[in-house]
Amino acid sequence: ALLHLRLPLPLDDALADVPALMVANMVLGQGGNSRLWVRLRERGGLSYDARSWIEWNPRDAHSVWRASAIFAPANLAAAETAFREEVARALRDGFTEEEVRDARAALLRFGQLQRAQDAALAGTLATQLDLGRTMAWPAEREEAITRVSREQAHAALRRYLKPEAFVIGVGGDFKAP
């Protein structure tokens, strides 16, 4: 079964809060050590996959935060509860210095990896050209990521992630035994 969440964000990719929100999302659900992955997959054994990501809109203030979990249909209630609890914990308590440091490093490594692949680099160059930007723009974004503090990541998450506004969909084979 699949649990999918969607939350519209009134942001474009150039807003000052974006680097902090990128770091917060990396801790929450994007990275291999993310809280959602660890809670639902590693500790809970509830899910085959759990993640979150942000689809940034570079032209308008209409980006989207998404999250998903793949699980056995019998684990629906437990998976949704664990998911909501991890989001609530992040919103309430924020992140550790170590989590933020690791998230910043992971985002920077991802940028380096993208630039090391011809197709990805060509796509980035084309996108930046289309948007009227140079490669200085992603470099400035990465520099901003290096400066994101634990407090900034927490504040950005609290400012934009609103569980009461999540649009949640569930699909799967939920036939009674």
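Helices and strands here are DSSP runs, at least four residues for a helix and at least two for a strand, numbered from the N terminus. The model is predicted.

**Exercise 1. Place Ser-34 and decide whether it is buried or exposed.**

Step 1. Locate the residue. Ser-34 sits in the loop between α1 (18-30) and α2 (35-43).

Step 2. Apply the cut-off. Buried means under 20% relative accessible area. Ser-34 has 1%, so it is buried.

Step 3. List what it touches. Residues up to four places away in sequence are not counted. Ser-34 then touches Met-26, Val-27, Leu-28 and Gly-29.

**Exercise 2. Describe the overall fold and check the radius of gyration against the globule rule.**

Step 1. Count the elements. The protein has seven helices and four strands.

Step 2. Order them. Along the sequence the pattern reads β-α-α-β-β-α-α-α-α-α-β.

Step 3. Compare the radius. A compact globule of 177 residues would have a radius of gyration near 16 Å. The protein has 17 Å, which agrees.

Step 4. Add the box. Along the principal axes, the C-alpha atoms fill roughly 55 × 30 × 30 Å.

Step 5. Look at contacts by sequence separation. Take the contacts with a separation of 6 or more. Residues 24 or more positions apart account for 75% of them.

Step 6. Finish with the surface. Of the 177 residues, 40% count as buried. The accessible surface comes to about 9,500 Å², and carbon and sulfur atoms hold 54% of that.

**Exercise 3. Find which side chain of opposite charge is nearest to Arg-141, and test the pair for a salt bridge.**

Step 1. Place the residue. Arg-141 belongs to helix α6 (residues 136-146).

Step 2. Check its cover. Arg-141 is buried.

Step 3. Find the candidate. The nearest side chain of opposite charge is Asp-13, 5.3 Å away.

Step 4. Apply the rule. A salt bridge needs a Lys or Arg side-chain nitrogen within 4 Å of a carboxyl oxygen of Asp or Glu. Arg-141 has no salt bridge.

Step 5. List the contacts. Neighbours within four places in sequence are left aside. Arg-141 is in contact with Asp-13, Ala-14, Val-18, Pro-19 and Met-22.

Step 6. Take a second residue of the helix. Pro-138 is also found in α6. Its relative accessible area is 17%, so Pro-138 is buried. Pro-138 and Glu-55 are 83 residues apart in sequence; their C-alpha atoms are 16 Å apart in space.

**Exercise 4. Work through the salt bridges of Arg-84 and Arg-150.**

Step 1. Recall the principle. Side chains of opposite charge can pair when their charged atoms come close. By the 4 Å rule, the count comes to 17 salt bridges.

Step 2. Take a pair within one helix. Arg-84 and Glu-80 meet at 3.3 Å, N to O. Both lie in helix α3 (residues 76-93), four residues apart, about one turn of the helix.

Step 3. Grade their exposure. Glu-80 has 24% relative accessibility and counts as partly exposed. Arg-84, with a relative accessible area of 38%, is partly exposed too.

Step 4. Take a pair between helices. The side chains of Glu-97 and Arg-150 meet in a salt bridge at 3.4 Å, N to O. Glu-97 lies in helix α4 (residues 97-115) and Arg-150 in helix α7 (residues 150-160), so the pair ties together parts 53 residues apart in sequence.

Step 5. Look for another partner. Arg-150 also forms a salt bridge with Glu-151, the closest N and O atoms being 3.5 Å apart. Arg-150 is partly exposed at 30% relative accessibility. Glu-151 is partly exposed at 47%.

Step 6. Add a network. Salt bridges with shared partners join Arg-39, Glu-85, Glu-86 and Arg-89.

**Exercise 5. Which residues form a nonpolar patch with Tyr-48, and is Tyr-48 buried or exposed?**

Step 1. Name the members. Leu-2, Tyr-48 and Ile-70 form the patch on the surface. Together they have about 290 Å² of accessible area.

Step 2. Place Tyr-48. It is found in strand β2 (residues 47-55).

Step 3. Apply the cut-off. Exposed means over 50%. Tyr-48 has 54%, so it is exposed.

Step 4. Try a loop residue. Thr-134 lies between α5 (118-130) and α6. At 52% relative accessibility, Thr-134 counts as exposed. Thr-124 is ten residues from Thr-134 along the chain, with 9.8 Å between their C-alpha atoms.

Technical notes: Residues numbered from 1 in each chain as written. Predicted model: local features only at pLDDT ≥ 70, side-chain atom pairs only at ≥ 80, totals over all residues. Heavy atoms only, no water. Patch = residues over 30% accessible without salt bridge, like charges linked within 9 Å, V, L, I, M, F, W, Y side chains within 5 Å. Areas by Shrake-Rupley, 256 points an atom, 1.4 Å probe, with all protein chains shown as cover. Buried < 20%, exposed > 50% of the residue type's maximum accessible area, 1.4 Å probe, protein only. Rg over C-alpha atoms; globule rule 2.2 N^0.38 Å. Contact = heavy atoms within 4.5 Å. Lys, Arg positive; Asp, Glu negative; His and termini not counted.
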